Amino acid sequence: MDNIRILWTDDEIDLLKPHILFLENKGYTVDTASNGDDAIELVKSNSFDLIFLDENMPGKSGLEILREIKSIFPSIPIVMITKSEAEDIMEAAIGSQIADYLIKPVNPNQILLTIKKNIDHQRLVTKKNTADYQAEFGKIGMDISYANSWQDWIDIYKKVTYWELEMDKSNENAMDEVLKMQKTEANNSFFRYISKNYFNWFEGEGEDTPLLSPNVFRKKVFPSLNRGEKTFVIVIDNLRFDQWKVIQPLIRDFFYMEEEDLFCSILPTATQYARNAMFAGLMPAEIHKMYPDLWVDEDAEGSKNSNEEALLEKQLKRFNINKKFHYDKIKHNWEGKKIVDNLTNIIHNDLTVLVYNFVDMLSHARTELQMIRELASDESAYRSLTLSWFRHSPLLDLLKKLSDQNVKVIITTDHGMVKVHNPIKVVGDRNTTTNLRYKQGKSLNYKPKEVFEVTDPAKAHLPKTNISSSYIFATGEDFFAYPNNFNHYVKYYRDTFQHGGISMEEMLIPVITLKSKK
């Protein structure tokens with residue numbers, strides 16, 4: 001334990017000697033003051049970790065001292081101790097942001113528990129998390145070694161994500177590197193699983209075939225519509241499972257989670273392919289064949305996702321769902337507020353689909369803007385930035401309003417992203433795609449052992465721009481870099497968040513069904 005210093009202020013401090021000795025024997029340093037003025041002077045000239053403050057003293061009251069100390073050092077935790085159980089005093093103390101409230105007479109164990117809750121809490125959480133993860137480490141390793149089904153990989157990814165979020169609660173990072181290494185091991189095994197099984201999933205829905213992007217609306221949305229339920233689908237572009245888990249507690253106040261599922265983003269795990277497939281209910285090659293006017297090739301100018309509404313309309317018609325629907329894409333805060341303000345008109349539709357682009361924009365901004373890189377310096381900070389956005393976003397306001405309506409709410413995404421670190425050299429002609437996690441083109445030059453290659457795009461139901469087109473995908477933390485100006489390119493993109501390739505983070509993505517608590 002670090003040397004924790006406590007200030008105890010009470011006009012009967014001499015009577016508390018046994019308590020103070022008890023704390024000193026536990027390793028705490030305890031300073032004392034018998035009145036408010038002395039306490040304030042001690043706070044000004046010393047650094048305390050916690051203050052015990054008697055509420056009823058001659059001269060300045062405990063509440064007056066509390067307010068003065070908070071005005072100087074607002075972050076110091078203060079525990080109010082009083083003989084009175086009067087509700088107005090409790091409310092005034094709580095309103096002044098006390099850390100805890102104890103009624104006299106207090107016993108040593110009460111005091112010790114309060115210290116542990118307010119000072120030792122972080123250390124105890126870290127200690128328990130470290131011990132629990134160490135105990136779980138071997139089991140997760142065995143799970144990774146023997147994983148041979150889609151459900152196995154869902155279970156592994158959920159466990160790894162759970163421990164990442166638990167480690168976020170700790171100040172120390174003793175086990176962070178171990179967890180990162182285990183996640184790397186998992187992604188390496190996941191790549192082998194995808195290499196072995198991916199093409200088989202398009203030959204029919206077998207026992208181990210996961211829910212894929214083209215089937216999300218058919219399996220998760222259309223059943224609600226067919227039951228006559230008004231349905232809101234919110235697609236948050238580029239939302240990983242761990243990001244869902246950090247925003248989930250804010251939603252839990254208004255909704256029950258009816259179902260939390262993970263589905264598989266198709267390859268490439270990029271918006272043009274995965275999200276178009278979701279809205280069309282078709283793989284990219286089939287979209288290209290059936291609706292050539294709605295598919296935009298990689299080398300074409302402009303947005304590759306400007307036809308989502310039309311593709312969704314085509315899918316509804318193919319499945320004979322004659323429902324009135326509304327579609328909107330939100331790229332700016334004011335657009336989100338407009339949706340909230342216009343909800344009474346939108347809610348009359350049987351189906352409403354909203355695409356929120358913020359998380360995807362955040363990942364691009366982190367690549368391009370140094371300030372965002374520093375704010376989201378690692379995975380934990382990136383999750384925190386996502387939570388901060390969501391907490392203050394019109395999307396949360398919308399969900400609060402939707403909880404008052406008789407609607408089904410489904411939150412999902414098109415793909416995730418992974419933090420890349422290892423450059424892989426690849427050479428292609430000028431028409432080769434620029435994405436860092438996958439390349440499409442002809443005459444690609446690469447080391448086959450370093451990538452997942454699709455030399456026949458038809459096997460992966462992907463369109464090809466010419467007869468010799470092929471696709472390659474980066475795995476784990478790899479990203480593609482051209483030999484020209486290699487060092488500059490690597491320095492710029494290393495440790496950025498990218499998508500398009502094969503990793504648990506990119507491919508195992510959430511689809512959540514919510515039911516209002518009201």
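Start by selecting Lys 517 and Tyr 256: in this predicted model, Lys 517 lies over the face of the tyrosine, 5.5 Å from the ring centre. Now move to Lys 425 and Phe 486 for another pairing of this kind. Here the charged end of Lys 425 sits over the phenylalanine ring, at 4.8 Å from its centre.

**Stop 1: an aromatic pair between two helices**

Stay with rings for a moment. How many aromatic pairs does the structure hold? There are 30 of them. For one of these, select Trp 153 and Tyr 193. Their ring centres are 6.4 Å apart and the planes meet at 45°; since an angle between 30 and 60 degrees counts as tilted, the pair is tilted. Colour the two helices to see what is being linked: Trp 153 belongs to helix α6 (residues 150–168) and Tyr 193 to helix α7 (residues 176–197), with the two positions 40 residues apart in the chain. Are these two residues buried or exposed? Trp 153 is buried, at 0% relative accessibility. Tyr 193 is buried as well, with a relative accessible area of 6%.

**Stop 2: Thr 130 and Ser 170**

Next, pick Thr 130 in helix α5, which covers residues 108–146. This threonine counts as buried, because its relative accessibility is 17% and the limit for buried is under 20%. Add Ser 170 to the selection and draw a distance between the C-alpha atoms: Thr 130 and Ser 170 are 40 residues apart along the chain, and their C-alpha atoms are separated by 9.1 Å.

**Stop 3: a three-stranded sheet**

Switch to a cartoon view and find the open sheet of 3 strands, ordered β13-β15-β14 and paired antiparallel. Which strands stand at the edges? They are β13 (438–441) and β14 (452–454); each has a single partner strand, so one side of each is left without a neighbour in the sheet. Ignoring direction, neighbouring strands here are turned against each other by 10° on average.

Zoom in on β14 and strand β15 (residues 470–473). The two run antiparallel and are joined by 3 bridges. To see one bridge pair, select Glu 453 and its partner in β15, Ile 472. As a general reminder, the strands of a sheet pair through backbone hydrogen bonds, in a parallel or an antiparallel way.

**Stop 4: Arg 437, in the loop before β13**

Now step back to Arg 437, in the loop between β12 (422–425) and β13. This arginine is buried, with a relative accessible area of 0%. What does its side chain meet? Show Glu 506, whose side chain is joined to that of Arg 437 by a polar contact of 2.5 Å. Then show Thr 475: its backbone oxygen lies 3.5 Å from a polar atom of the Arg 437 side chain.

**Stop 5: salt bridges**

The structure holds 28 salt bridges. In general, side chains of opposite charge can pair when their charged atoms come close.

Begin with Asp 10 and Lys 104, whose side chains meet in a salt bridge at 3.0 Å, N to O. Asp 10 is in the loop between β1 (5–9) and α1 (17–25), and Lys 104 is in the loop between β5 (100–103) and α5, so the pair ties together parts 94 residues apart in sequence. Asp 10 is buried, at a relative accessible area of 2%, whereas Lys 104 is partly exposed, at 21%.

Go on to Glu 258 and Lys 408, where the closest N and O atoms of the salt bridge are 2.7 Å apart. Glu 258 lies in strand β7 (residues 255–264) and Lys 408 in strand β10 (residues 407–412), so this pair ties together parts that are 150 residues apart in sequence. Glu 258 is partly exposed, with a relative accessible area of 43%, while Lys 408 counts as buried at 9% relative accessibility.

Then select Glu 308 and Lys 329, a salt bridge with its closest N and O atoms 3.7 Å apart. Glu 308 is in helix α12 (residues 308–318) and Lys 329 in strand β8 (residues 325–330), 21 residues apart. Both Glu 308 and Lys 329 are buried.

For the last view, show Glu 164, Asp 168, Lys 183, Arg 240, Asp 242, Glu 379, Arg 383 and Glu 505 together: salt bridges that share partners join them into one network.

Terms used:
Residues are numbered from 1 along each chain as its sequence is written. This is a predicted model: local features need pLDDT of at least 70, side-chain atom pairs count only at pLDDT 80 or more; totals for chains, interfaces and linings use all residues. Side-chain values use heavy atoms; hydrogens and water are left out. Rings of Phe, Tyr and Trp (its six-membered ring) pair if their centres lie within 6.5 Å; planes under 30 degrees apart count as stacked, over 60 as edge-to-face and the rest as tilted. Helices (H or I, at least four residues) and strands (E, at least two) are DSSP runs, numbered from the N terminus. Buried means under 20% relative accessible area, exposed over 50%, partly exposed in between (1.4 Å probe, protein chains only). A charge sits over a ring if NZ of Lys or CZ of Arg is within 6 Å of the ring centre and within 35 degrees of the ring normal. Two strands pair if DSSP finds at least two bridges between them. Axes are lines fitted to C-alpha atoms, for helices over the stretch in contact, and angles run from 0 to 180 degrees between N-to-C directions. A polar contact is a pair of N or O atoms within 3.5 Å; within protein, one must be able to donate a hydrogen and the other to accept it, and residues adjacent in sequence count only if both atoms are side-chain atoms. A salt bridge is a side-chain nitrogen of Lys or Arg within 4 Å of a carboxyl oxygen of Asp or Glu.
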